[in-house]
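Here is a colleague's note for a first look at this structure. Please keep the sequence and the 3D view open while reading the points.

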Amino acid sequence: MTSTKVLAAMVCVAFLFGCGVIKNAILKSNKGAALLVGAGQAAASKAPIGIEEERAYGGAIAIKVVKKYGGLVEDEALTRYVGLVGNSVAAFSDRPDVRYHFGVLKSEGVNAVSAPGGYVFITVGALRRMKSEAELAGVLAHEVSHITARHAVEIIKNLKAKSALVGAAANTIDNPDFFKSIVNAFLDDFLSRGLPQDTEFEAD
């Protein structure tokens with residue numbers, strides 16, 4: 001198993017075992033998410049991002065998102081319900097082969113967020129304001145659409161290409177510092193301004 005596959009498996013297993021494992025095993029450190037092994041050439045920064053690389057970036061972004069919003073609620077029944085609704089929607093998406101993971105953020109703010117590779121989160125504040133399961137399905141469908149359309153992946157691809165132009169010798173995708181810099185650059189913009197407006201319209 002390659003390092004990339006190990007990384008993807010680590011992130012996926014953590015989500016499958018529930019909020020406690022995420023909190024105790026993943027959120028304490030993102031070192032594993034910084035070990036992306038790729039082609040080892042700066043030119044690879046311009047290459048299409050495959051599903052394993054997408055999951056690696058998505059896992060690292062998901063970790064940061066969960067931290068920013070105060071962690072995940074430790075309510076297994078609620079998490080299971082949101083996952084059931086979310087996966088029911090995702091099954092009819094343009095990328096039903098992606099393994100989706102749904103979580104409920106502790107924040108009382110009203111928001112929903114997705115990360116590449118199948119990670120979707122909704123705040124407990126948003127859930128409290130919903131009046132029906134249909135509303136929940138609609139919100140989760142919007143986030144799933146961002147993933148299926150690879151909106152964040154395209155932004156990451158552009159960030160990688162720009163970074164490679166700055167210093168091709170150091171900016172390879174098997175460089176943990178490069179990987180972390182791309183994740184941080186994406187989050188600095190995404191968490192403050194959100195995705196571009198045209199992608200929001202497309203997701204709707």
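1. Start with one term. A residue counts as buried under 20% relative accessible area, as exposed over 50%, and as partly exposed in between. Arg128, with a relative accessible area of 58%, is therefore exposed. Note also that this is a predicted model.

2. Arg128 has a charged partner. Its salt bridge is with Glu108, and the closest N and O atoms are 3.2 Å apart. The two residues come from distant parts of the chain, 20 residues apart. Glu108 sits in the loop between strand 1 and strand 2 (112-115), while Arg128 belongs to helix 5 (residues 124-129). Glu108 is partly exposed, at 44% relative accessibility.

3. How many salt bridges does a search of the whole structure find? The search gives 4. In general, side chains of opposite charge can pair when their charged atoms come close.

4. Another of these pairs is Glu53 with Lys160, at 2.5 Å from N to O. Glu53 is in helix 3 (residues 51-68) and Lys160 is in helix 7 (residues 151-166), so the salt bridge ties together parts that are 107 residues apart in sequence. Is Lys160 buried or exposed? Lys160 is buried, at 0% relative accessibility. Glu53 is buried too, with a relative accessible area of 12%.

5. Glu54 pairs with Arg95. Their closest N and O atoms are 3.0 Å apart in a salt bridge. This pair also links distant parts of the chain, 41 residues apart. Glu54 lies in helix 3, and Arg95 lies in the loop between helix 4 (76-90) and strand 1 (101-105). Glu54 is buried, at 1% relative accessibility. Arg95 is buried as well, at 13%.

6. Arg150 deserves a separate look. Salt bridges with shared partners join Arg150, Glu54 and Arg95 into one network. Arg150 is in the loop between helix 6 (133-148) and helix 7. Its relative accessible area is 23%, so Arg150 counts as partly exposed. Arg150 is not a glycine, yet its phi is positive, about 55°.

7. Helix 6 comes before Arg150. This helix has 16 residues. From its first C-alpha to its last, helix 6 reaches 22 Å, close to the 22 Å expected at 1.5 Å a residue. Its buried residues include Leu136, Leu140, His142 and Glu143.

8. Now the sheet. It is open, has 3 strands in the order 1-3-2, and shows mixed pairing. Strand 1 and strand 2 are the edge strands, each pairing on one side only. The twist averages 20° from one strand to the next.

9. The mixed pairing can be followed strand by strand. Strand 1 and strand 3 (residues 119-123) pair in the parallel sense, over 5 bridges. Within this pairing, Phe102 has Val120 of strand 3 as its bridge partner. Strand 2 and strand 3 run antiparallel and are joined by 4 bridges. Here Val113 stands opposite Phe121 in strand 3.

10. Two helices cover parts of the sheet. Helix 3 packs on the sheet and touches strand 1, strand 2 and strand 3. The direction of helix 3 makes about 15° with that of strand 3. Helix 4 also packs on the sheet, touching strand 1 and strand 3. Its direction makes about 135° with that of strand 1.

11. Strand 1 is an edge strand, but is it enclosed? See its burial: 5 of its 5 residues are buried, so strand 1 is largely enclosed by the rest of the structure. His101, Gly103 and Leu105 point one way, and Phe102 and Val104 point the other way.

12. Last, the nonpolar cores. The largest has 26 residues, and those with the most contacts inside it are Ile61, Val65, Phe121 and Phe186. Helix 3, strand 2, strand 3, helix 7 and helix 8 (176-193) each give two or more residues to this core. Beyond its neighbours within four places in sequence, Ile61 is in contact with residues including Ala115, Ile156 and Phe186. A second, separate core has 19 residues, among them Ala90, Phe102, Leu127 and Leu136.

Definitions and conventions:
Residues numbered from 1 in each chain as written. Predicted model: local features only at pLDDT ≥ 70, side-chain atom pairs only at ≥ 80, totals over all residues. Heavy atoms only, no water. Salt bridge = Lys/Arg side-chain N within 4 Å of Asp/Glu carboxyl O. Buried < 20%, exposed > 50% of the residue type's maximum accessible area, 1.4 Å probe, protein only. Expected span 1.5 Å × (residues − 1). Pairing = 2+ DSSP bridges. Core = buried A, V, L, I, M, F, W, Y, C linked by side-chain atoms within 4.5 Å. Contact = heavy atoms within 4.5 Å. Axes fitted to C-alpha atoms, helices over the stretch in contact; angles between N-to-C directions.
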